[in-house]
Amino acid sequence: MDKLLEGLKKFQTLIYPLHQTRFEELAESQEPRVLFITCSDSRVDPNLLTQTDPGELFICRNAGNIVPPHSNETGGMTASIEYAVSVLNIKNIIICGHSNCGAMKAAMNTEELNDLPHVKTWLGHCRAAVKSVENQHDCNQHGTLDPAYLDEVTKQNIILQMQHIKTHPAVFAKLATNELNIYGWVYDIKSGNVEYYDEASHGFVKL
Ligand SMILES: [Zn+2]
């Protein structure tokens with residue numbers, strides 16, 4: 001905690017005064033241009049990665065950068081997406097996965113999650129991504145995928161969540177009138193590279 005409190009003091013005494021006018025503007029309203037959905041993983045920093053400032057990204061984070069398909073149940077993701085698209089009028093959505101994702105590893109081997117019932121249920125939203133990779137490769141004797149396929153599962157999960165978000169009414173409606181773009185990114189922590197999902201080739205291409 002000491003490091004965080006020192007950081008807060010530095011922000012208030014050094015950083016805030018440099019940008020005071022901007023913060024006073026932001027205090028009144030926000031006009032973010034991008035809804036950025038990514039994993040809760042501490043190694044992913046959306047503002048650092050995109051060199052954006054407060055007020056520019058509307059960020060939703062959870063384990064596995066998952067967007068549950070729309071249902072009549074209200075959840076945090078559903079409400080945030082509805083607000084971002086309908087009220088903030090956001091035109092661009094990025095769903096960003098990342099290398100070495102613990103959630104994707106867990107999704108590949110859910111038998112080990114019996115003591116984590118909420119995690120297990122949550123990761124059910126990426127079951128189709130795991131299944132599609134399993135269909136293309138042989139599983140081991142335990143019936144699970146080799147860890148070598150983690151990147152493939154991570155990418156399939158991004159494609160899957162891009163489909164899930166289209167089931168949300170606010171998103172579906174804006175897509176119909178070409179008012180919204182949805183992008184899938186995967187961030188490689190080690191190299192800093194980002195690949196995006198290219199719908200034309202059904203593959204990931206370096207940005
Ligand atoms: Zn992750």
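Begin by selecting Glu-134, which lies in helix α7, the run of residues 127-136. The model on screen is a predicted one. With a relative accessibility of 14%, Glu-134 falls under the 20% limit and therefore counts as buried. If you display its surroundings and set aside the neighbours within four places in sequence, you will find Glu-134 in contact with Arg-127, Cys-139, Gly-143 and Leu-145.

Next, move to Phe-36, whose place is in strand β1, residues 34-39. Is Phe-36 buried or exposed? Its relative accessibility is 0%, so Phe-36 counts as buried. Beyond its neighbours within four places in sequence, Phe-36 is in contact with Pro-46, Thr-50, Leu-57, Phe-58, Ile-59, Cys-60, Ile-94, Cys-96 and Trp-185. Among these contacts, Phe-58 deserves a selection of its own: Phe-36 and Phe-58 are 22 residues apart along the chain, while their C-alpha atoms are separated by 6.0 Å.

From here, select the zinc ion. Which protein atoms are its donors? They are the SG atom of Cys-39, the NE2 atom of His-98 and the SG atom of Cys-101, lying 2.1 to 2.3 Å from the zinc ion. Read along the sequence, these donor residues have the spacing C-x58-H-x2-C. When you colour by accessibility, His-98 and Cys-101 both turn out to be buried.

The tour now turns to charged side chains. Side chains of opposite charge can pair when their charged atoms come close. The structure holds five salt bridges, and three of them are visited here, starting with the pair Glu-25 and Arg-22, whose closest N and O atoms are 3.1 Å apart. Glu-25 and Arg-22 are separated by about one helical turn, because they stand three residues apart in helix α2, residues 20-28. Glu-25 is partly exposed, with a relative accessible area of 44%, and Arg-22 is likewise counted as partly exposed at 40%.

Select Glu-31 and Arg-33 for another of the salt bridges, in which the N to O distance is 3.4 Å. Here Glu-31 counts as exposed, at 57% relative accessibility, whereas Arg-33 is partly exposed, with a relative accessible area of 43%.

Then select Lys-155 and Glu-195, whose side chains meet in a salt bridge with an N to O distance of 2.9 Å. This pair links distant parts of the chain, since Lys-155 belongs to helix α8 and Glu-195 to strand β5, residues 194-198, with their positions 40 residues apart. Lys-155 is partly exposed, with a relative accessible area of 25%, and Glu-195 counts as partly exposed at 25% relative accessibility.

While Lys-155 is still highlighted, extend the selection to the whole of helix α8, residues 150-165. How far apart are the end C-alpha atoms of this helix? They are 22 Å apart, which agrees with the span of 22 Å that its 16 residues should have at 1.5 Å a residue. The buried residues of α8 are Leu-150, Val-153, Thr-154, Asn-157, Ile-158, Ile-159, Leu-160, Gln-161, Met-162, His-164 and Ile-165.

For the last stop, go to helix α1, residues 2-18, and select Leu-5, which lies in it. Leu-5 is one of the residues that make a nonpolar surface patch of about 700 Å². To display the patch in full, add Met-1, Leu-4, Leu-8, Phe-11, Leu-14 and Ile-15 to the selection.

Definitions and conventions
Residues numbered from 1 in each chain as written. Predicted model: local features only at pLDDT ≥ 70, side-chain atom pairs only at ≥ 80, totals over all residues. Heavy atoms only, no water. Helix = DSSP H or I, 4+ residues; strand = E, 2+ residues; numbered from the N terminus. Expected span 1.5 Å × (residues − 1). Buried < 20%, exposed > 50% of the residue type's maximum accessible area, 1.4 Å probe, protein only. Salt bridge = Lys/Arg side-chain N within 4 Å of Asp/Glu carboxyl O. Donors = N, O, S within 2.8 Å, 3.2 Å for Na, K, Ca; no water. Patch = residues over 30% accessible without salt bridge, like charges linked within 9 Å, V, L, I, M, F, W, Y side chains within 5 Å. Areas by Shrake-Rupley, 256 points an atom, 1.4 Å probe, with all protein chains shown as cover. Contact = heavy atoms within 4.5 Å.
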